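Colleague: I should like to go through this model with you, one question at a time. Please give the reasoning before each result.

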Amino acid sequence: MRDKENGAVRIKYKFGVTQWGMPGDGLYAVRLANEAGLDGVHLELGSYAKGYPLAQERIQDAYLEDGAKYGIEFPALVLNDLTVNDFAHGRDSEKGRIAYEQIKIGLKAASRMKIKVVSIPSFLSGLIEDKRTFDESVKALQFCCDEAGQYGITIMHEAALRADEHIRFIKEVGRPNIKILFDTMNYRFTGGHDQVDTLHTLYPYIIDQVHVKDGVTDLSGALLGKGSMDFYKQMDYLVSQKYQGWFIMENYYCESPLRNLNEEDQLSLLIKDLQTVKSALGN
């Protein structure tokens, strides 16, 4: 959707997808995103176990070349391996040492690729579930934001905390370059919280990027609007607040049960989700 303002054309929404949920597990992600009619891809650094593929400058250059060729932007770099090698249990642990080093590696890669946002998830091994993991995660995000500030990078934090706890977390980090990455499923699926109420409370703190996915008993296991996460109510609220920014599809199109809907053409599932989002936004 485009708005005309003062004679200029301003893009209200952009649409993207996460690299790790795409058909082929991210192979040819940029080309496939273009074929689906998208504007961008959330890239991931990759895992410590596999040497952080996106830390390799040749791989960075290949993505940049593909992005220019196919007209695809990279609105964020995501450090998904922090859900395995986490900082939530302290910097002095083996996983903690890997996590802090990974943050530095990820920020360097993002800076070289001119990606202005880095996403830090707190799930699985890095779940914030008690005072210790809360406090250690605050320290890690303070470190991350301070390092990111040297590159002019904003940090977006993704978690499934209760809304007031997520706000308290952001305030305790206390850095100007931190925002919340809102997700249309994680708060209910992982944290057991109401998605719509959570969005209402967190809205003043969210960045202009939203992960959209749906499901019932499986994470990212249903097409948008076909699960039990109140997808349409969340879209209605964002429209009512005049949200402007990215909608990033994070359904797992390459995994069961979602891929079972069309094993031979998984990209068609992504295209259906894009159509659903646009329709929900009145686009």
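Colleague: How many of the residues of strand 3 are buried?
Modeller: This is a predicted model, and the burial follows from its coordinates. Strand 3 covers residues 13-18 and is mostly covered. Of its 6 residues, the number buried is 5.

Colleague: To which strand is strand 3 joined by 5 bridges?
Modeller: Strand 3 runs parallel to strand 4, residues 40-44, and 3 bridges join the two. A further parallel pairing, with 5 bridges, involves strand 3 as well. Within that pairing, Val17 stands opposite Met249. The strand joined to strand 3 by 5 bridges is strand 10.

Colleague: In what order do the 8 strands close into a barrel?
Modeller: Strands of a sheet pair through backbone hydrogen bonds, either parallel or antiparallel. Here the pairing is parallel, and 8 strands close into a barrel. Their order is 3-4-5-6-7-8-9-10.

Colleague: What angle does the direction of helix 9 make with that of strand 10?
Modeller: Helix 9, residues 267-280, packs on the sheet. Its contacts there are with strand 3, strand 9 (206-212) and strand 10 (245-249). The direction of helix 9 makes with that of strand 10 an angle of about 145 degrees.

Colleague: Which helix joins strand 3 and strand 4 in a β-α-β unit?
Modeller: The two strands run parallel. Together with a helix at residues 29-35 they make a right-handed β-α-β unit. That helix is helix 1.

Colleague: Which residue is the bridge partner of Thr18 in strand 4?
Modeller: Thr18 has its bridge partner in strand 4, and the two residues also touch. The partner is His42.

Colleague: Is His42 buried or exposed?
Modeller: His42 lies in strand 4 and touches, among others, Trp20, Pro75, Met156 and Ile248. Its relative accessibility is 0%, and the limit for burial is under 20%. His42 is therefore buried.

Colleague: With which side chain does that of His42 make a polar contact of 3.1 Å?
Modeller: Beyond four places in sequence, the residues touched by His42 include Gln209 and His211. A polar contact requires N or O atoms within 3.5 Å, and the pair in question is at 3.1 Å. The side chain that His42 meets in this way is that of His211.

Colleague: What distance separates the side chains of Asn186 and Lys213 in their polar contact?
Modeller: Asn186 is found in helix 6, residues 186-189, and counts as buried at 4% relative accessibility. Its contacts include Phe123, Glu158, Leu219 and Lys213. Between the side chains of Asn186 and Lys213 the polar contact is 3.2 Å.

Colleague: How far apart are the C-alpha atoms of Glu136 and Gly96?
Modeller: Glu136 lies in helix 4, residues 131-149, and counts as buried at 16% relative accessibility. Leaving aside neighbours within four places in sequence, it is in contact with residues including Phe87, Arg91 and Tyr100. Glu136 and Gly96 are 40 residues apart along the chain, and their C-alpha atoms are separated by 9.8 Å.

Colleague: What is phi of Lys114?
Modeller: Most residues other than glycine have a negative phi, and most peptide bonds are trans. Lys114, in the loop between helix 3 (94-112) and strand 6 (117-121), has a positive phi although it is not a glycine. Lys114 is exposed, with a relative accessible area of 69%. Its phi is about 60 degrees.

Colleague: In which loop does Lys242 lie?
Modeller: Lys242 also has a positive phi, near 60 degrees. It counts as exposed at 62% relative accessibility. Lys242 lies in the loop between helix 8 (231-240) and strand 10.

Colleague: Which residue is joined to Pro257 by a cis peptide bond?
Modeller: Pro257 is found in the loop between strand 10 and helix 9. The cis bond has an omega of about 10 degrees. Its other residue is Ser256.

Colleague: Over which residues is the pLDDT below 50?
Modeller: The mean pLDDT of the protein is 95, and 96% of its residues reach 70 or more. One stretch with pLDDT below 50 nevertheless has 15 contacts in the model beyond near neighbours in sequence. Where pLDDT is low, the predicted coordinates should not be read in detail. The stretch concerned is residues 1-7.

Note on methods
Residues are numbered from 1 along each chain as its sequence is written. This is a predicted model: local features need pLDDT of at least 70, side-chain atom pairs count only at pLDDT 80 or more; totals for chains, interfaces and linings use all residues. Side-chain values use heavy atoms; hydrogens and water are left out. Two strands pair if DSSP finds at least two bridges between them. Helices (H or I, at least four residues) and strands (E, at least two) are DSSP runs, numbered from the N terminus. Contact means heavy atoms within 4.5 Å. Axes are lines fitted to C-alpha atoms, for helices over the stretch in contact, and angles run from 0 to 180 degrees between N-to-C directions. pLDDT is the predictor's confidence in each residue, from 0 to 100. Buried means under 20% relative accessible area, exposed over 50%, partly exposed in between (1.4 Å probe, protein chains only). A crossover is right-handed if, with the strands pointing away from the viewer, the path from the first strand over the helix to the second runs clockwise. A polar contact is a pair of N or O atoms within 3.5 Å; within protein, one must be able to donate a hydrogen and the other to accept it, and residues adjacent in sequence count only if both atoms are side-chain atoms.
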